[in-house]
Amino acid sequence: MTKRNAPQGFATRAIHHAYDPQDNEGALTPPLHLTSTFTFETAQAGGEMFAGDRVGHIYSRISNPTCDLLEQRIATLEGAEAGLALASGMGGITATLWTLLSPGDELIVDKTLYGCTFAFMQHGLAKWGVTITHVDMTNIENLRAAVSDKTRVVYFETPANPNMAILDIRAIAETAHQNGALVAVDNTFASPINQKPLELGADLVLHSATKYLGGHSDLTAGALMTFASLAKPVVAWRKNLGQLIAPETAALLSRSLRTLPLRVRQHNENAMAVAQAMEQHPKVTKVHYPGLPSFEGHDLAKQQMTGFGGMLSIEVDGGQQAAEKVADSLKVFLLATSLGGVESLVSQPSATSHHGLSRE
């Protein structure tokens with residue numbers, strides 16, 4: 001029999017964490033707070049809230065009870081002190097990096113990145129005097145050779161989009177911390193079910209919550225999980241840039257988190273079946289899936305992941321035109337650029353999500 005004071009499991013926290021129905025007139029489902037602004041008990045109380053001397057809500061661009069509950073839940077899913085919910089995954093990435101970096105700083109990033117992340121770094125951060133250094137971090141020696149006293153942040157995805165490259169979170173964190181740099185990991189492709197970067201030494205974890213966390217292809221959101229000291233300054237950027245998640249979206253996302261463990265478990269199983277089938281297909285020249293023993297990063301994936309996710313990529317005989325024909329001929333997989341939903345989707349990254357990158 002389980003002790004009443006035993007730590008709650010992941011699924012239990014996803015459903016119940018930080019909410020008591022008796023504090024909300026017995027409502028089983030947390031209420032949706034649809035309000036743009038909040039009243040103050042007194043003028044003095046309002047002034048104290050604006051000054052940061054009193055806890056409370058002022059305006060829904062800054063905070064909202066529905067969003068607060070979501071943030072407490074996403075924090076506990078990653079085992080973080082603090083969680084921030086934002087209007088999109090890119091909202092999370094931009095707010096975080098604008099906060100952490102200043103002109104003259106260096107940002108080291110892996111060579112494999114989501115296209116919009118790459119564009120923001122090259123055309124946003126670089127424009128304001130931040131040095132962007134691309135390093136193939138699948139070999140830790142490359143990072144050790146590149147990091148310097150100007151390096152403020154080391155940023156990467158694992159598994160990476162779109163080739164599923166697996167990077168050693170623990171080794172990268174050790175190398176970065178020895179040089180005084182912070183480590184930010186995009187954990188979108190893994191989800192908190194399959195991988196916990198903070199436990200492996202990362203300082204910040206980012207998600208496109210549109211994907212697995214949302215899981216139904218009906219919302220757009222982002223999430224940051226980190227230490228309270230790192231989250232606090234990001235809140236100011238999020239407020240001034242208008243990047244807080246909308247309460248309606250926060251309520252939908254909270255709903256989705258309740259089934260996250262079940263959905264990811266099925267993603268893992270389905271993707272493995274597809275990957276194994278593709279590996280046997282005579283016209284498929286390569287399958288990129290961390291769960292396959294033939295995958296280059298399989299052993300590392302087994303060490304730092306508990307499941308391998310629902311994403312895979314394949315290379316087909318005949319190049320781009322052949323790949324287009326395959327995508328156009330599928331009957332169940334739909335042509336769209338997203339992931340993590342209940343539908344099966346297919347895309348060609350070189351022509352869609354990564355079209356802004358050079359051929360190399």
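**Reading the labels on rings, cores and a pocket**

Modeller: Let's begin with two residues: Tyr 289 and Phe 308 are both buried, in a model that is predicted.

Biologist: What makes a residue count as buried?

Modeller: Its relative accessible area has to be under 20%.

Biologist: Let's turn to rings. How many aromatic pairs does a search of the whole structure find?

Modeller: The search of the whole structure gives 4 aromatic pairs.

Biologist: Why is the pair of Phe 40 and Phe 50 called edge-to-face?

Modeller: Their ring centres are 6.3 Å apart, with the planes at 75°. The centres are thus within the 6.5 Å needed for a pair and the angle is over 60 degrees, so the label edge-to-face applies.

Biologist: Which parts does this pair tie together?

Modeller: Phe 40 sits in the loop between α1 and α2, while Phe 50 belongs to helix α2, so the pair ties together parts 10 residues apart in sequence.

Biologist: How do you know whether Phe 40 and Phe 50 are buried or exposed?

Modeller: Phe 40 has 32% relative accessibility, which falls between 20% and 50%, so it counts as partly exposed. Phe 50 has 58%, which is over 50%, so Phe 50 is exposed.

Biologist: And what makes the pair of Tyr 289 and Phe 308 edge-to-face?

Modeller: Here the centres lie 6.5 Å apart and the planes are at 75°. That distance still meets the 6.5 Å cut-off and the angle is over 60 degrees, so this pair is edge-to-face. Tyr 289 is in the loop between β8 and α12 and Phe 308 in the loop between α12 and β9, so parts 19 residues apart in sequence are tied together.

Biologist: What links Trp 98, Phe 120 and Trp 237 into a cluster?

Modeller: Ring pairs do that.

Biologist: Which residues of the largest nonpolar core touch the most other members?

Modeller: That core has 42 residues, and Tyr 289 is one of those with the most contacts to other members, along with Leu 70, Leu 213, Ile 245, Leu 253 and Leu 260. The largest share of this core comes from α11, with 5 residues.

Biologist: What does Leu 213 touch, leaving out residues up to four places away in sequence?

Modeller: Its contacts include Leu 253, Leu 257 and Leu 260, and also His 207 and Arg 263. A second, separate core holds 25 residues, Met 121 and Val 234 among them.

Biologist: Ser 191 and Ser 217 next. Why is Ser 191 called buried?

Modeller: Its relative accessibility is 1%, which is under 20%, so Ser 191 counts as buried. Ser 191 lies in helix α8 and has a positive phi of about 75°, although it is not a glycine.

Biologist: And what makes Ser 217 partly exposed?

Modeller: Ser 217 has a relative accessible area of 46%, between 20% and 50%, so partly exposed is the right label. Its phi is positive too, about 55°, and its place is the loop between β6 and β7.

Biologist: What kind of peptide bond joins Thr 158 and Pro 159?

Modeller: A cis bond, with omega about -10°. The bond from Asn 161 to Pro 162 is also cis, with omega near 10°. Pro 159 lies in the loop between β4 and α7, and that loop holds Pro 162 as well.

Biologist: Finally, which element gives the most to the lining of the second largest pocket?

Modeller: That is α9, with 8 residues. The pocket holds about 700 Å³ of space, and its 23 lining residues divide into 12 nonpolar, 5 polar and 6 charged. Ile 62 and Arg 238 are among those nearest its centre.

Technical notes. Residues numbered from 1 in each chain as written. Predicted model: local features only at pLDDT ≥ 70, side-chain atom pairs only at ≥ 80, totals over all residues. Heavy atoms only, no water. 1 Å grid on protein atoms, 1.4 Å probe; cavity = no way out; pocket = protein on both sides within 12 Å on 5 of 7 lines; lining within 4 Å. Points joined across faces, edges and corners; volume = space filled by probe spheres on them. Helix = DSSP H or I, 4+ residues; strand = E, 2+ residues; numbered from the N terminus. Nonpolar A, V, L, I, M, F, W, Y, C, P; charged D, E, K, R; others polar. Core = buried A, V, L, I, M, F, W, Y, C linked by side-chain atoms within 4.5 Å. Buried < 20%, exposed > 50% of the residue type's maximum accessible area, 1.4 Å probe, protein only. Contact = heavy atoms within 4.5 Å. Phe/Tyr/Trp six-rings, centres within 6.5 Å; stacked < 30°, edge-to-face > 60°.
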